[in-house]
Amino acid sequence: MMFAGKRIFITGAATGIGRATAEYLAAEGARVFGAGLDGKEGKILAGRYGENQLIFRESDLTVEADVQAAIAAATERFGGLDAVVNCAGIYPTGKRLEEVSDEDWEGTIAVNLTAIFRVCRATLPLLRAAGGGSIVNIASVHADATVPGVPAYAATKAAVVGLSRQMALDYAVDRIRVNAVLVGSVATRMTLDGLEAAGGAEALGLSFEPNRIARIANPSEIASAIGFLISDASSFVTGSAMQVDGGLLARLL
Ligand SMILES: NC(=O)c1ccc[n+]([C@@H]2O[C@H](COP(=O)([O-])OP(=O)(O)OC[C@H]3O[C@@H](n4cnc5c(N)ncnc54)[C@H](O)[C@@H]3O)[C@@H](O)[C@H]2O)c1
């Protein structure tokens, strides 16, 4: 029970990596408060646990009032927080910069970056009050190396790394560690829907061969890495951008 007694707030917790993380942490004894857009999926997830272990609240984290309400509900339920995982994100594809509207650009920044800023702003006082804590922000390999047609996504994921690194400096004094995760390809709705819309990996000339493990990741393999960054096993790790990408970024050719 690695996380017994830990109170953890997770965004995007109803599906994919967020859901796998919520399940992993709950299985290790954490009390998890999930927030995200997918109310139906979130309800099914929470229904498998007791109210003391995993709660889900439908929230649009691009709306400040929803961020505030979710965090107030988590605080009311758990009496505070020990860790935060920012997983919510969107992956708009297929447009070069000239084709991106203001609405698309701002919409991507709102979910992938501003929501993280707001969730951190609202939860930092709670982590400080708990005597310290850990924040894990889910970035992507796109922060370092990207593909055609995703200007807003690549920009936001690089910004998440910069934001995490900067926060690590400001909040070390409060014993709050902040790390980003550079995630490679994972078998979630985000990846599979994108591939399907494009006619499949082969139609794009893609394979998972470029990562050295030569397969797509299971969401649980990202969840356990996030767990490490939350746990005391990573007590000297802050300001890092940890690659969990099957070796993708390590490869030059
Ligand atoms: N799947 C991959 O290959 C991959 C690779 C690198 C990084 N990532 C990152 O991992 C994170 C999780 O993605 P995933 O792969 O699990 O996909 P996913 O689509 O299953 O999860 C994204 C979650 O974000 C939530 N969300 C979206 N907009 C929201 C909003 N406005 N308010 C609240 N919640 C919102 C969705 O409801 C969903 O639960 C994302 O940040 C993504 O960029 C994924």
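Phe9, Phe33 and Phe78 form one aromatic cluster. This is a predicted model: local features need pLDDT of at least 70, side-chain atom pairs count only at pLDDT 80 or more, and totals for chains, interfaces and linings use all residues. Residues are numbered from 1 along each chain as its sequence is written, and side-chain values use heavy atoms, without hydrogens and water.

**Exercise 1.** Classify the pair of Phe9 and Phe33, then place both rings.

Solution.
- Take the criterion. Rings of Phe, Tyr and Trp (its six-membered ring) pair if their centres lie within 6.5 Å; planes under 30 degrees apart are stacked, over 60 edge-to-face, the rest tilted.
- The structure holds four aromatic pairs. In one of them, Phe9 and Phe33 sit 5.9 Å centre to centre with 10° between the planes, hence stacked.
- Locate the rings. Phe9 is in strand β1 (residues 7–11) and Phe33 in strand β2 (residues 31–36), so the pair ties together parts 24 residues apart in sequence. Strands (E, at least two residues) and helices (H or I, at least four) are DSSP runs, numbered from the N terminus.
- Check burial. Buried means under 20% relative accessible area, exposed over 50%, partly exposed in between (1.4 Å probe, protein chains only). Phe9 is buried at 0%. Phe33 is buried at 2%.

**Exercise 2.** Do the same for Tyr91 and Tyr153.

Solution.
- The ring centres of Tyr91 and Tyr153 are 4.5 Å apart and the planes stand at 75°, so the pair is edge-to-face.
- Tyr91 lies in the loop between β4 (83–86) and α4 (102–129), and Tyr153 in helix α5 (residues 151–171), so the pair ties together parts 62 residues apart in sequence.
- Tyr91 is partly exposed, with a relative accessible area of 28%. Tyr153 is buried at 7%.
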